[in-house]
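Please open the model in your viewer and keep the selection tool at hand, since this tour moves from one pair of side chains to the next.

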Amino acid sequence: METYTNEFSNNDITVTYEPCKCIHAEKCAKGLSEVFRTSVIPWINLDGTETNRIINQIKRCPSGALKYRKNLNKKAS
């Protein structure tokens, strides 16, 4: 049986998803369907739009199942 990670990253942020907390209100998919896709695996595509839009949508998650953290960008010396 194949399992899938519940952590997704782009250059700016890492998004985590806790399925046990999710109440399936679908606010993420209804509000930002180009990122939160219910019929595709992996279901979160952080390349779907700008990072600020993703952060704003995550803040609307009523259960707190979606969270994000900013990535530390390492610059070359």
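A residue counts as partly exposed when its relative accessible area lies between the buried class, under 20%, and the exposed class, over 50%. The model on your screen is predicted, and the tour visits its three salt bridges.

Begin by selecting Glu7 and Arg69, which form a salt bridge whose closest N and O atoms are 3.5 Å apart. This pair links distant parts of the chain, with Glu7 in strand 1 (residues 7–9) and Arg69 in strand 3 (residues 66–70), 62 residues apart. Is Glu7 buried, exposed or partly exposed? Glu7 counts as partly exposed because its relative accessibility is 41%, and Arg69, at 43%, is partly exposed as well.

Next, select Glu18 together with Lys21, where another salt bridge is found, its closest N and O atoms lying 3.9 Å apart. Colour the two by accessibility if your viewer allows it: Glu18 has a relative accessibility of 32% and counts as partly exposed, while Lys21 is partly exposed with a relative accessible area of 38%.

Finally, move to Arg53 and Glu34, whose salt bridge has its closest N and O atoms 3.2 Å apart. Here too distant parts of the chain are linked, since Arg53 belongs to helix 2 (residues 51–58) and Glu34 to the loop between helix 1 (27–31) and helix 2, with their positions 19 residues apart in numbering terms, that is, 19 residues apart. Arg53 is partly exposed, at 38% relative accessible area, and Glu34 counts as partly exposed at 32% relative accessibility.

How values were computed:
Residues are numbered from 1 along each chain as its sequence is written. This is a predicted model: local features need pLDDT of at least 70, side-chain atom pairs count only at pLDDT 80 or more; totals for chains, interfaces and linings use all residues. Side-chain values use heavy atoms; hydrogens and water are left out. A salt bridge is a side-chain nitrogen of Lys or Arg within 4 Å of a carboxyl oxygen of Asp or Glu. Helices (H or I, at least four residues) and strands (E, at least two) are DSSP runs, numbered from the N terminus. Buried means under 20% relative accessible area, exposed over 50%, partly exposed in between (1.4 Å probe, protein chains only).
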